[in-house]
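Work through the exercises below with the sequence and the structure open. Each task is followed by a solution in short steps.

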Amino acid sequence: MKSLKALAAVALLSLTAAAPAKAQTPLTEGIQIGLSTDAVSITAGFSGADLTIFGSLENPDPLVARQGRYDVIVVLEGPPKPVVVRRKDRVLGVWVNLDSETFENVPVSYSVATTRPLQDITEPNSYKQLSLGASNLYMQPADASDSPATIEEFTAALRERKAAAGLYSENVGGVQFLSQNLFRATVRLAPNVPVGTHKARAFLFKSGLFIKESSAQLEIRKSGFEQSIFRVAHDYSFLYGVFAISLAMITGWLGRLVFRKD
Amino acid sequence: MGIYLPIAEISVNVFVLLAMGAAVGFLSGMFGVGGGFLITPLLIFYNIPPAIAVATGANQVIASSVSGVLSHMKRGTLDFKLGSVLLAGGVVGSTGGIYVFGLLRRLGQLDLFISLLYVVLLGTVGGLMLVESINALRATRRGAAPVLKKSGQHNWVHRLPLKMRFRASKLFVSVIPVLGLGAGIGFLSSIMGVGGGFIMVPALIYLLKVPTNVVIGTSLFQIIFTSAYTTLVHATTNQTVDVMLAFLLMAGGVAGAQYGAKAGQRLRGEQLRALLALLVLAVAIRLAIDLFVTPPNLYSLSAVGLN
């Protein structure tokens, strides 16, 4: 795995400048992430990578920081798309896609990096409220009239399939504090990472309480020859078809010229 | 060496695809078939999504058919008139097939339907061929001359109206079965990604009594256009033709075909047909097993909004 470094513009100034003057009144903590680039191009041979995001805490309480009671969760969320989940059942001995459930606005990918295991950071309820973590993401069914049991079953299957495809991943310990207020998060990009606008979000927790969120956008696009082919196939599909046919005819003709035996 | 396929959106090994093309080309040269019925299932076994395997298979069939037709044109074993009538039916059949293809894809039943069609058709054709060739092998072992059906024998097909004369095939027959046959092959071509030679050739010989020497050339001639039409419609409606994949298969295929043709000359007709029948049956059985074996994952995801 190669490492893509989207370096953050780190806001270091807050602590050093503000500390002496405002030491008396406790300040609310904040969190910042910034990406040095707003677009990442991946090439044809892309086989997955780690994306490093840097960020900083604003006004951290030195005591809390020393005790390690600040936790950060960083999420890289792919563009939302509708998805159909289908279940195979046996019909006359043959496995057939029978039931299906459509979900709206499902993030195509969802990579999480955390300072500690999720269950150690805060309560399950606050994850639900924040819709944070692959297992707490709210999946909205297109047809809400289906029975809750069915929706739950297909939601679980959707998460499981996404995780199996490497699109939903969790990197415990992927966020590390480099100093009292500077941290580095490593999120995983799957080999089949979807193109489009991804959203990087950082959540700050202090002693199990959610404090603040910050987000930044990242455009992931594929580059190179293969991507041009893909674009032509979709934007100029008729010409692409004509090209595919001509290529086949010329190959057949050349093959005959080169290898003719009669 | 890995290569990323732009439409299939997966990384594959170049040499595997070249070898696959060469192996199928070898067999197609040896047996005189287009090879589409082998390429598409092989691609599916290699984890290429079936929709892309089918459309790309149709694209690849053009290349092998073109080089085949060129040599038949030189020998004069090609009935353009018969081919054109077959083609007219083929265009209608392909259009219907593409519509059904898109519909099944939206319903999530495309993969199943493709596999079922393959199992049924390959199983039937392979089984019939195997029986026929084993009988022929036994007959030659007993020393009897193989009994061929005489052309000029008539069946129900020859009593239909709207007759037309096909000079190169020495045939005077109704256009209805010709158009119907073309349409059926066109339909299969667009759903299965095959040229349809493995059905067209026996149908022309046994149903329409076309002389065997013109059958292969004529069948290949119409397959070029049916596959070209299928490729174009798949490209415009489903965006499932992967030129990179098709080209690798063709490159391997045109080379392999020549060696296959040479190897084929050393084997006798009945032996060739028996081997081809076993091959066809093996593919059918392999696909049938997948239908019945419990899949590792019962759930599958697919994007909404195709078409």
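## Exercise 1: A salt bridge across the chain

Arg116(A) has a relative accessible area of 33%, so this residue is partly exposed. The model is a predicted one.

**Task.** Find the residue with which Arg116(A) forms a salt bridge, and place both partners in the chain.

**Solution.**
1. Look for the acidic partner. Asp71(A) pairs with Arg116(A), and their closest N and O atoms are 2.6 Å apart.
2. Check the cut-off. A salt bridge needs a side-chain nitrogen of Lys or Arg within 4 Å of a carboxyl oxygen of Asp or Glu.
3. Place the partners. Asp71(A) sits in strand β5 (residues 70-77) of chain A, and Arg116(A) in the loop between β8 (110-114) and α3 (118-121). They are 45 residues apart, so the pair links distant parts of the chain.
4. Compare the burial. Asp71(A) has a relative accessible area of 2% and is buried, whereas Arg116(A), at 33%, is partly exposed.

## Exercise 2: More charged pairs in chain A

**Task.** Classify Glu160(A), Arg161(A), Glu213(A) and Arg201(A) as buried, partly exposed or exposed, and describe the salt bridges they form.

**Solution.**
1. Start with the general point. Side chains of opposite charge can pair when their charged atoms come close.
2. Take the pair of sequence neighbours. Glu160(A) and Arg161(A) meet through their side chains in a salt bridge, at 3.2 Å from N to O.
3. Apply the limits: under 20% is buried, over 50% is exposed, and partly exposed lies in between. Glu160(A) has 40% relative accessibility and is therefore partly exposed. Arg161(A) has 18% and is therefore buried.
4. Go to the other pair. In the salt bridge of Glu213(A) with Arg201(A), the closest N and O atoms are 2.8 Å apart.
5. Locate its ends. Glu213(A) is in strand β14 (residues 209-222) and Arg201(A) is in strand β13 (residues 196-206), so the bridge ties together parts twelve residues apart in sequence.
6. Classify them too. Glu213(A), at 34%, counts as partly exposed. Arg201(A), at 15%, counts as buried.
7. Add the network. Arg87(A), Asp89(A), Asp99(A) and Glu153(A) are joined by salt bridges that share partners.

## Exercise 3: The contact between the chains

**Task.** How many salt bridges are there between chain B and chain A, and how much area do the two chains bury between them?

**Solution.**
1. Count the salt bridges over all chains. The whole structure has ten.
2. Restrict the count to pairs between chain B and chain A. The result is zero.
3. Count the residues in the contact. Chain B gives 50 residues and chain A gives 50 residues.
4. Read off the area. The chains bury about 4500 Å² between them, and 67% of this is on carbon and sulfur atoms.

## Exercise 4: A nonpolar patch on the surface

**Task.** Which residues make the nonpolar surface patch of about 490 Å², and which helix gives its largest share?

**Solution.**
1. List the members. They are Val232(A), Tyr236(A), Phe238(A), Leu239(A) and Val242(A).
2. Assign them. Helix α7 (residues 237-259) of chain A gives the largest share, three residues.
3. Place Tyr236(A). This residue lies in the loop between α6 (225-235) and α7. Tyr236(A) counts as exposed because its relative accessibility is 52%.

## Exercise 5: Nonpolar cores

**Task.** In the largest nonpolar core, which residues touch the most other members?

**Solution.**
1. Recall the general trend. In soluble globular proteins, nonpolar side chains tend to be buried together.
2. Find the hubs. The core has 81 residues, and Phe37(B), Leu43(B) and Ile48(B) touch the most other members.
3. Name the main contributor. Helix α5 (residues 110-141) of chain B gives eleven residues, the most of any element.
4. Trace one hub. Leaving out residues up to four places away in sequence, Ile48(B) touches several residues, including Leu5(B), Ile10(B), Val12(B) and Leu245(B).
5. Note the separate core. A second one has 28 residues, among them Phe46(A), Ala49(A), Leu51(A) and Ala113(A).

## Exercise 6: Two buried helix positions in chain B

**Task.** Where do Gln222(B) and Gly93(B) lie, and what do they touch?

**Solution.**
1. Place Gln222(B). This residue is in helix α8 (residues 212-237). Gln222(B) is at 0% relative accessibility, so it counts as buried.
2. List contacts beyond four places in sequence. Gln222(B) touches Gly83(B), Leu86(B), Leu87(B), Ile185(B) and Met200(B).
3. Place Gly93(B). This residue is in helix α4 (residues 80-107). Gly93(B), at 7%, counts as buried.
4. List contacts by the same rule. Gly93(B) touches Ala183(B), Gly186(B), Phe187(B) and Ser190(B).

Terms used
Residues numbered from 1 in each chain as written. Chains lettered and ligands numbered in written order. Predicted model: local features only at pLDDT ≥ 70, side-chain atom pairs only at ≥ 80, totals over all residues. Heavy atoms only, no water. Patch = residues over 30% accessible without salt bridge, like charges linked within 9 Å, V, L, I, M, F, W, Y side chains within 5 Å. Areas by Shrake-Rupley, 256 points an atom, 1.4 Å probe, with all protein chains shown as cover. Helix = DSSP H or I, 4+ residues; strand = E, 2+ residues; numbered from the N terminus. Buried < 20%, exposed > 50% of the residue type's maximum accessible area, 1.4 Å probe, protein only. Core = buried A, V, L, I, M, F, W, Y, C linked by side-chain atoms within 4.5 Å. Contact = heavy atoms within 4.5 Å. Buried area = accessible area lost by both parts, 1.4 Å probe.
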